[in-house]
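Colleague: I am new to this structure and would be grateful for a close look at a single part of it. Please describe how that part is built and what surrounds it.

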Amino acid sequence: MGMAAKMRSLKKRLELIKICGLKNVITGTKKYRYYAGLQKEYGFDKWHQSPIELRRYALDIVEYVNKLVEAGEVEQVCEIGCGLGEIIRRCDAPEKFGYDIDPNVIEAAKFFDRDASKKITFSYGALGIDFFPDQPRIDCLITVNFIHGIEPEILRAAYAHLNNAVPIRYLIVDSCVGDDYAYSHDFSSILPASFNLVRKFGPYNPMRTVEIYKNEAADDNMITTIKEGYNNS
């Protein structure tokens, strides 16, 4: 590696430390090497190797969800596109469901979860009009780091279908800008009218923003009725 390349690498590493913290960068670097070996064993897509410690937006999502859990707003979390489960595994909700389109990464996620006292339910699944989750409600739905590859019209139909199939109280999405991303979504024109933006994080590098929406149609009475029915089932 030439001197110029070394300087660019050092600059990138220092910027990452500034964003994520030294401890996270050290831990994330070790995990990345471990995940590289795991990827060869299970055969999942290589982009799943990126640890949460090196993704500031993911750390911020976990922190926000856990505040919702602590406030009693969320008891159950669902993540579509969960990968190895690094985000949902850190969420403190009593019930957690993870779905991914890659069956190999789901098997790897189950491996990580094998000794957990409260296991996450990992299943194969992809966001779309044919997707029906295993649970009758979703307190918080996380769909990040893949929706930039889905056409807005398809995404609009998918969220409308899912919200009709099961009530969603909170929805977390991300939007990416740049030549590496097929679509930069405007969720105000994609989500059902009852979804209102309550929080926005970012931008992150690359140009990524995280948006949290609350479904005002899923009021407290509706959620309470659903929970009672779910607990008695």
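**The sheet and its surroundings**

Modeller: Seven strands form an open sheet in the order β3-β2-β1-β4-β5-β7-β6, and their pairing is mixed. At its edges stand β3 (121-124) and β6 (195-204), each of which pairs on one side only. Direction ignored, neighbouring strands of this sheet are turned against each other by 15 degrees on average. The model described here is a predicted one.

The sheet may be examined strand by strand, beginning with β2. Strands of a sheet pair through backbone hydrogen bonds, and this pairing is either parallel or antiparallel. Strand β1 (residues 76-80) pairs with strand β2 (residues 95-100) in the parallel sense, over five bridges. Two of the contributions from β2 can be named: Lys96 is the bridge partner of Val77, and Gly98 is the bridge partner of Glu79.

Against this sheet packs helix α3 (residues 56-70), which touches β1, β4 (138-143), β5 (168-176), β6 and β7 (208-215). The direction of α3 makes about 145 degrees with that of β6. Helix α6 (residues 152-165) lies across β1, β4, β5, β6 and β7 as well, and it runs at about 165 degrees to β5.

To return to β2, this strand also pairs with β3 in the parallel sense, here over four bridges. In that pairing, Tyr99 stands opposite Ser123 of β3. Because five of the six residues of β2 are buried, the strand is largely enclosed by the rest of the structure.

At the other edge of the sheet, strand β6 contains Arg199. Arg199 counts as partly exposed because its relative accessibility is 40%, which lies between the limits of 20% for buried and 50% for exposed. Leaving aside neighbours within four places in sequence, the contacts of Arg199 are Tyr64, Val210, Glu211 and Ile212. With Ile212, Arg199 is separated by 13 residues along the chain, while their C-alpha atoms are 5.1 Å apart.

A second position worth following is Pro167, in the loop between α6 and β5. Its relative accessibility is 12%, so Pro167 counts as buried. From Pro167 to Asn215 there are 48 residues in sequence, yet the distance in space is 8.7 Å, C-alpha to C-alpha.

Beyond the sheet, helix α2 (residues 22-42) deserves attention. It has 21 residues and reaches 30 Å from its first C-alpha to its last, close to the 30 Å expected at 1.5 Å a residue. An α-helix has 3.6 residues a turn, so residues three or four places apart point the same way. The buried residues of α2 are Val25, Gly28, Thr29, Lys31, Tyr35, Leu38 and Gln39. Immediately after α2, Gly43 adopts a positive phi of about 80 degrees.

Aromatic residues of α2 lead to a further feature. A pair of aromatic rings is described by the distance of the centres and the angle of the planes. Rings pair if their centres lie within 6.5 Å, and by this rule there are nine aromatic pairs. In one of them, the ring centres of Tyr34 and Tyr35 are 6.1 Å apart and the planes meet at 50 degrees, so the pair is tilted. The two residues can also be described by accessibility: Tyr34 counts as partly exposed because its value is 41%, whereas Tyr35 counts as buried because its value is 4%. Tyr34 and Tyr35 belong, together with Tyr42, Phe111 and Phe112, to one aromatic cluster.

Charged side chains also meet aromatic rings. Arg114 lies over the face of Phe111, a member of that cluster, at 4.0 Å from the ring centre. Likewise, Arg208 lies over the face of Tyr57, at 4.2 Å from the ring centre.

Finally, the sheet may be set within the whole. The protein has seven helices and seven strands, and read along the sequence they follow the pattern α-α-α-β-α-β-α-β-β-α-β-β-β-α. Of its 233 residues, 48% count as buried. Among contacts between residues at least 6 apart in sequence, 67% join residues at least 24 apart.

Note on methods:
Residues are numbered from 1 along each chain as its sequence is written. This is a predicted model: local features need pLDDT of at least 70, side-chain atom pairs count only at pLDDT 80 or more; totals for chains, interfaces and linings use all residues. Side-chain values use heavy atoms; hydrogens and water are left out. Rings of Phe, Tyr and Trp (its six-membered ring) pair if their centres lie within 6.5 Å; planes under 30 degrees apart count as stacked, over 60 as edge-to-face and the rest as tilted. Buried means under 20% relative accessible area, exposed over 50%, partly exposed in between (1.4 Å probe, protein chains only). A charge sits over a ring if NZ of Lys or CZ of Arg is within 6 Å of the ring centre and within 35 degrees of the ring normal. The expected span of a helix is 1.5 Å times one less than its number of residues. Two strands pair if DSSP finds at least two bridges between them. Axes are lines fitted to C-alpha atoms, for helices over the stretch in contact, and angles run from 0 to 180 degrees between N-to-C directions. Contact means heavy atoms within 4.5 Å.
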